[in-house]
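Student: I would like to go through one helix and some ring contacts. Could we look at the model together?

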Amino acid sequence: MGKITGFLEIDRHDRPYAPVAERVTNYNEFVVPLNEKDTRDQAARCMNCGIPYCHGTGAVAPGTTGCPVNNQIPDFNDLVYQGNWQEASRNLHSTNNFPEFTGRICPAPCEASCTLNIDDNPVTIKTIECAIVDRAWENGWLKPEPAAVKSGKKVAVVGAGPAGLACAQQLARAGHEVHVYEKAAKAGGLLRYGIPDFKMEKHLIDRRVAQMEGEGVTFHYNAPVGGSAPGAVDAKQILKDYDAVALTGGSEAPRDLPIPGRELSGIHFAMDFLTQQNRRVSGESLGDKQEILATGKHVVVIGGGDTGSDCIGTSFRQGAKSVTQIEIMPAPPERENKALTWPNWPQKMRTSSSQAEGAARDFAVLTQAFEGTGGKVGKLHCVRVDSKFQPLPGTEFELKADLVLLAMGFVHPVHDGLLKSLGVDLDPRGNVNATTSDFQTSVPKVFASGDMRRGQSLVVWAIREGRLCARAIDQALMGLTTLPR
């Protein structure tokens, strides 16, 4: 373990943020890393519990505690405390292909499951994870790991988001010839086009892609599979050309709000707004898309999750006059009842870094109609709701809005194109039907993982599913597998 009495002697101390006035002027990451001494002190606080719930308790089923990729957290904490950073990196990468992603954007269910969280004082696991992988890159420890022996099998991975990247890297290291087909101009999926640069800069993705190319993975960009879009690749031809196909696309069909006034201009899906800004930052062309900008506008974000929070931070950086976030769910409690919730992920009031930049937040609010003049949105007609989401008479109010961003989640993957071309069965929620035992779809040699299979979820779950899917494909192709669970 770390220092035996560390948790008694050392207080929790996490990475600070750059001041709001400074960070909203640009799209750079603003989390300030801890120095080496502070990071090792934080690692020293790990208690090496008899049952380390931070590990995750069988991360195949939803609702389990701790880390979905089963990071060996007490082990790498001890290695950091001892100053053995290179071994800590090896340990961390044995379970997680991309800890620099999760070390920045994961909500850290591991910390919620930490025994010290019983006292609201968990180990800074996410910060330590990020420090390990950043040091590994700085020291040149992360080289391509091409397979020593080739299998002679070819696998197509459709979608270069975190699930697809993890799946492709594992398969390449198992000796297979891997081709990744991506509809966008660059790899990363929502890591690149959805998550703002101020949360995760995109050079982090580029260097992982370079590592994977060094391991033999071939990327095909601007190459949607199925459908009739420009550059589309025929899905049936992919089936003929490859020994296995992994469907690792996202859950990209957004939940809409079909109420009066929805047709007014100035009402957009959150991901359209976020993707545009990420393209601007990277210098990618928007093509013929109409620009969506918050500059000088009163912005209302409908939806209280991470995507809504990303819209807030982006709006402030674009120079919005005001940003209001509304949520139909009631306000969660300020504190959870640890006796009832720990070590599970609790529902409690959380304030993201973007929300802390000056957004107004309101809960238990239903939008009933949009109103505007000249075809442009100008206000929202809202009402407060009870615990069953029924309107409360006499609580109606209006919100001024020049830009409305719909951030209410995603219902399932897009069905047109790839999924209809292949004819895979869907589950009752509209996701691709495949189990976590073999990840096989109803179509022979076609597998599915990540958001396409489980529905919208966390990046860390996408990495986990991509790894498990690669193992299932290797098992199916070779009759056995040495890839880890």
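Tutor: The exchange below covers a helix, then aromatic contacts. This is a predicted model, in which local features need pLDDT of at least 70, side-chain atom pairs count only at pLDDT 80 or more, and totals for chains, interfaces and linings use all residues. Residues are numbered from 1 along each chain as its sequence is written, and side-chain values use heavy atoms, with hydrogens and water left out.

Student: Which residues of H11 are buried?

Tutor: They are Leu204, Ile205, Arg208, Val209, Gln211 and Met212. Buried means under 20% relative accessible area, exposed over 50%, and partly exposed in between (1.4 Å probe, protein chains only). Helices are DSSP runs of H or I with at least four residues, and strands are E runs of at least two, numbered from the N terminus.

Student: Where do they fall, seen down the axis of H11?

Tutor: They fall within an arc of 160°, so they line one face of the helix. The arc is that of the directions from the helix axis to the C-beta atoms.

Student: Changing topic, how many aromatic pairs are there?

Tutor: The whole structure holds 6. Rings of Phe, Tyr and Trp (its six-membered ring) pair if their centres lie within 6.5 Å; planes under 30 degrees apart count as stacked, over 60 as edge-to-face and the rest as tilted. The rings of Tyr17 and Phe30 have centres 5.3 Å apart and planes at 85°, so this pair is edge-to-face.

Student: Is Phe30 buried or exposed?

Tutor: Phe30 is buried, at a relative accessible area of 6%, whereas Tyr17 is partly exposed at 46%. Together with Phe198, they form one aromatic cluster.
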